[in-house]
Structures are given as structure tokens and as C-alpha cells.
Amino acid sequence: MCGIIGYIGNKQSDCILLEGLKKLEYRGYDSAGVAVHNSNNIKIIKTNGRIKNLEEKLLEKRPEGTLGIAHTRWATHGKPSEINSHPHSNKSGTIVAVHNGIIENYIELKERLKDFGYEFVSETDTEVIVHLLDYYYKGDIVDALISTIKELKGSYALGVLCKDEPEKLIGVRKDSPLIAGLGIGENFLASDIPAILEHTRDIYLLNDNEIAIITRDSIELIDVNKNKIDREVYKVTWDIVSAQKDGYEHFMSKEIAEQPKVVKDNLSLRLKTDAKTINLDGINLDKETLDKINKIYMVACGTAYHASLVGKYLIERLARIPVVADVASEFRYRDPIIDKNTLVIVISQSGETADTLAALRLAKEKGARTIGIVNVVGSTIARECDDILYTLAGPEIAVASTKAYSAQLIAMYLISCYIATQKGYISEEEFIMFRNSLLAISDNIKQILKNEDRVKEIANKYKNCDNVFYIGRGLDYLVAKEGSLKLKEVAYIHSEAYEAGELKHGPIALIHDNTLVVGIATDEHLFEKTMSNLKEVKARGAKILAITLEGKEDIMDVADDVIYIPNTEWIFTSILANIPQQLIAYHMSILLGHDVDKPRNLAKSVTVE
Ligand code: M6R
């Protein structure tokens, strides 16, 4: 969603801010702007649309100054437009702010401020913040900020400049990520690490209601009572190149190609080649603890939710504990039955998804033990859950999740096998079988990726379908759900995922001769049944693309095209069958001329409800 970068130092700030914004493009945005303090005044330049528009505008007349803030906006209140884009300022232009998040009580605040004589120029919720800062400003911007945030309900990460305090950049957050970066003779504020990684690896991660007072030579963290906070510096260990394209045409293709390595990295820490058990990064879930657990909730959104469905399926089948998988935006409002014997596992790539975070907080409030399966180190969810299992996929930049999903599936495999072993449902022999197959997954993925040209041909053949059904049974149905989501997201083709057996209860009415049906058939026991369902749609004119295991040649009787994946243990087919689905979505998107890394209307990290 929106992105923030702030700079104070001895260099011209506009270039640093612009470069920082470019690093945040992957978050999704529709307008951008900068504000630069030049000791006499604060100059604001903003544009609708892409950052390159802003760059062109800046080139016309560069704002001089070594202190500034910048923002990419993803519209929530008010359409994407120059006037609604950030930074916003008070009427005299002396107080300027950028904001990520949503102010829930902005209407009420706006009415009050209007009664005091304030005039509003934008449709945004953010504008109330600058007028409140103006209202409370009595010569100290930090005091004004403290009074202002006391009035705000909702979520915010804020960057603030004040004309009369030219030596200060101020930041504060609540329920929206914000970091401060330490340099030499210069310091930074940002919503995300990549924005400033080129300049520093030393970061302060801000918690809710913590204020960062940033000058050229220092960063001071205080709470709302102005108590000083001592915070350890967090050292970023990953490299900026891993956040760049690395020779690939798009982030999505780079991230798809990285999956063998991601799988290997995840397993190397947790499952040794001769292991008799799994190491879950020290998460204590011994038999005694597990025996007390009456229920597990797995809560997430989007692709991460699809990973949770696989987790539910496997934990129930292998470890015999009831699991409810729930979409976070539903879970948080349906008064879920939770007690101290409930385990809640939340899954999130970004670790900042608003609904997932709210679900985690609800679970904690109700006394559940919580585990986070998170990719972004130091993110809010990672910090707030009781235990954390990082998915170690590295930065995922493309909006469509690929490598993070595979890493989440590995986490699901590890957790379900771990719990089943602890509870005595898996024999040593079975464990060794699973272990060996799991350790082969990285090579299996490499093998599938070698056939990318063939998948591209298939994508080309079907790219003009106006309707696609993804069908499967058991785990294959869960794979189908992810395939369908990916196609919608990046190729903008309408698609639905169905349990293969459900088709004839309604959706089969939609099948005609330009419908593509992608049939996932990797489950030995259900193979014949899925075949029958494919025959039913074939008879009604559908084109059939099958994804199945090597050796299942009889599927050619019904399918127009087949993609084979290597044989593996049944529990691991989901990760392999999904790789061709990612490639199909990717190539269809490119062939149709879409912006595959930044699909329309989507944001990488959904930090509002
Ligand atoms: O960062 P999270 O994993 O919490 O994000 C959840 C969803 O927003 C995300 O998976 C979304 O569905 C992706 N665009 C899928 O490709």
C-alpha cells in the first residue's frame, strides 16, 4: 500500500527521496509526492500516477534542501488525484505530513476542525492530521504531535516536518509499519526497509505509539509521555540486490525461479538429511502441550489463506487435531470460540496485513497461544505473536505471491509432520519417507521450471479464454484455489476454483466451448474420480489442461494439454502442482500486455481493512 521515506542529512534530499520511493513501488500506489524543507519554507511537489511523473516534475524545478519527506499513495479516502496525494499541509504550509493507514474518526474530527475555522482542500482522512497539528502547535512539533495522536482513532504511520523546526524529522506509528534508519551525518524514516537499504543497515523498528525524533546526528525514541525509549539497533542482513530484479525481466519471474533455493534455505535449518525429527526453530510444542490443545485456528488472507487450507488438511489428516482455517477479515468479527487450550496460527508474507494482525490480537486477547508464520523479519505480526517461524523467502516484491507461498507450504509440511510425530501418528519409517521426499522438493521444482517454454506455449494457446475453471479433489482442490487466484490477479481473466465433484451441482451450466478447465489430478486415490469430472466438462465443449504426475499418461484421453510434475509423496504434491500454475498466470499476463509485477488495483501489503 502507501509508502513513506524521510531524509535529514547533508545531501540534497529530493534525489534520495525519489530513489527511496522507487524502492517502494512494489507496495502499489496511484500517486506520489515529496516535501523539501529549505530553511525558509517547505516546498511540496506531487503528481497523480507513476513516480516517473513526479521525477519529471522535480526535474523542471528541483526543490533545494537537505530535509524532506516523500510518499506514494494508494487511494482509500478520495480518488487518486494530485490534490488527494501526500504530503498534505496546513493552510500556511508550515506543517507538512505524510500518512499511511486510515483515520477512522476523521469525519468527526473534520467537523470539529471546520467549526474552528479550518478549511479542507482534499477528500482525504489525512488532512485532519495536519490541521490538528496546526491547532495544537505552540512552538514544539513533538508536543503538537502527541496531542494530535491522542485524538486519532485508526491506523497511522506518520512523517512530519515543521517549517519553524528545520533540524527535525518526526515519525510516529500505530498499526502501520514505520522504521528509522541510522546513518553517519544523516538519518532516515521509512515505512519499509528497501527504501533506505542503499544508505544504511542499522534500523530502529518502531512499536505502536512510539515517536522518533530524527536530526542529522541522532535518533531519539520516546513514548507519548516523553519517556526515552532504549531500543536495540536491528541489523539488516539481506542485500539490496535480492530486492532487485537480478537480470530477470520481472520480479514475478525472478521470484518463481528462486523457489528451489527458498525451499532449500527453509529445510536446511529445520530438517537435516539424517534427521529423525523436525526442528521448528525452538517452538515448544511437545506432546504434553499438544495433548492439551483442543483446536487449532489457522488465520490468514489471500494466498497465505490458501497455505492455511493446506495446513488444515494435513494437520487433520496426519495429526488428528481439528483445525479451522479462516479468512482473517471474517475471523475477527465472528466471535470465534477460543480459550487457553486453543492454538492460533497466523500466516502472512508481509507480517503487516491489517486483518491478520487484528485476528492475532483478538486471539491473544482471548488467551490463545499464537504462532506466526511470517516472511518479513521484524514485522508487526512477527513481533507480536508468541512464537515465530520465519518463511525465509527473502523480500518478495511482485504483488502476486509466489515464492512466499511455497515457503508457507514448506512451513505447513514441517508443522503437520512435526505435530504428527510428536503425537505418535507417524512411524519412524513414514517419517524417513516424508523427510526424503521433502528434501527432494527443491530439485523437483527445478525440473518443473526447465519446462517453462512448454508452459509458455500453453499459456499462449489459452490466453484469450474468457472464463477458466480450476478443479481438483482433496489437496488438489486447494492447489486449484491458488491457481485461480493467481490468474485473476495478474492475467485479469475471470476464473473460479471448484471441488471437482461440485461442478455438476451448478457451475457446469457455465461450461461452453471457450471455457478452459484446468484439472489438477495428483492424488492417486482420487485420480479416476477427477478423470470422470474432466470427461463431464469435456463432453460439454470445455478445453482441458491437466496437471498430473509423471506416468499418468491415460489422462491424455481426456486432456487437450498436460503438464507433468515429478512423483513425490502425496502430501507434497501441492507445492509442485502449483509451480506450473504460477508460470501459466505469469506468461498469460505478459502475453496479454499487463503489468505483471504491479497488477491494477492491487497492493503488496494490505495494511487497511
Ligand atoms: O502479506 P500477507 O501474506 O498477509 O498478504 C495476504 C494477501 O494480501 C496476499 O497473499 C495476496 O492475496 C497476494 N496478492 C496473493 O498473490
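1. A pocket is defined on a 1 Å grid over the protein atoms alone as an open set of points with protein on both sides within 12 Å along at least five of seven lines. A molecule sits in a pocket if more than half of its atoms lie within 2 Å of its grid points. By these criteria the ligand occupies the second largest pocket.

2. This is a predicted model, in which local features need pLDDT of at least 70 and side-chain atom pairs count only at pLDDT 80 or more, while totals for chains, interfaces and linings use all residues. Residues are numbered from 1 along each chain as its sequence is written, and side-chain values use heavy atoms, with hydrogens and water left out.

3. The ligand is surrounded by 13 residues, a residue being counted if one of its heavy atoms lies within 4 Å. The closest are Ser348, Gln349, Ser350, Thr353 and Glu489. By class, the shell comprises 4 nonpolar, 7 polar and 2 charged residues; Ala, Val, Leu, Ile, Met, Phe, Trp, Tyr, Cys and Pro count as nonpolar, Asp, Glu, Lys and Arg as charged, and the others, Gly among them, as polar.

4. Helix 9 (302-319) and helix 16 (475-491) each contribute at least two residues to this shell. The largest share, 3 residues, comes from helix 9. Helices (H or I, at least four residues) and strands (E, at least two) are DSSP runs, numbered from the N terminus.

5. Three serines make polar contacts with ligand oxygen atoms, a polar contact being a pair of N or O atoms within 3.5 Å. A polar side-chain atom of serine 348 is 2.6 Å from a ligand oxygen, and one of serine 350 is at 2.7 Å. For serine 401, a backbone N or O atom lies 2.8 Å from an oxygen atom of the ligand. The protein covers 90% of the 410 Å² of accessible area (Shrake-Rupley method, 1.4 Å probe) that the ligand has on its own.

6. Elsewhere, 6 strands form an open sheet in the order 5-6-7-8-12-13, with antiparallel pairing; two strands pair if DSSP finds at least two bridges between them. Strand 5 (88-89) and strand 13 (219-222) are at the edges, each with a single partner strand, so one side of each has no neighbour in the sheet. Strand 7 (residues 156-162) is joined to strand 8 (residues 169-174) by 5 bridges, with alanine 157 opposite arginine 173.

7. Strand 2 (residues 31-37) and strand 3 (residues 42-48) pair in the antiparallel sense over 7 bridges, and alanine 32 stands opposite threonine 47. Their hairpin has 4 residues between the strands, and serine 39 there takes a positive phi near 70°.

Notes: Polar contact = N/O pair within 3.5 Å; in protein donor to acceptor, adjacent residues only side chain to side chain. 1 Å grid on protein atoms, 1.4 Å probe; cavity = no way out; pocket = protein on both sides within 12 Å on 5 of 7 lines; lining within 4 Å.
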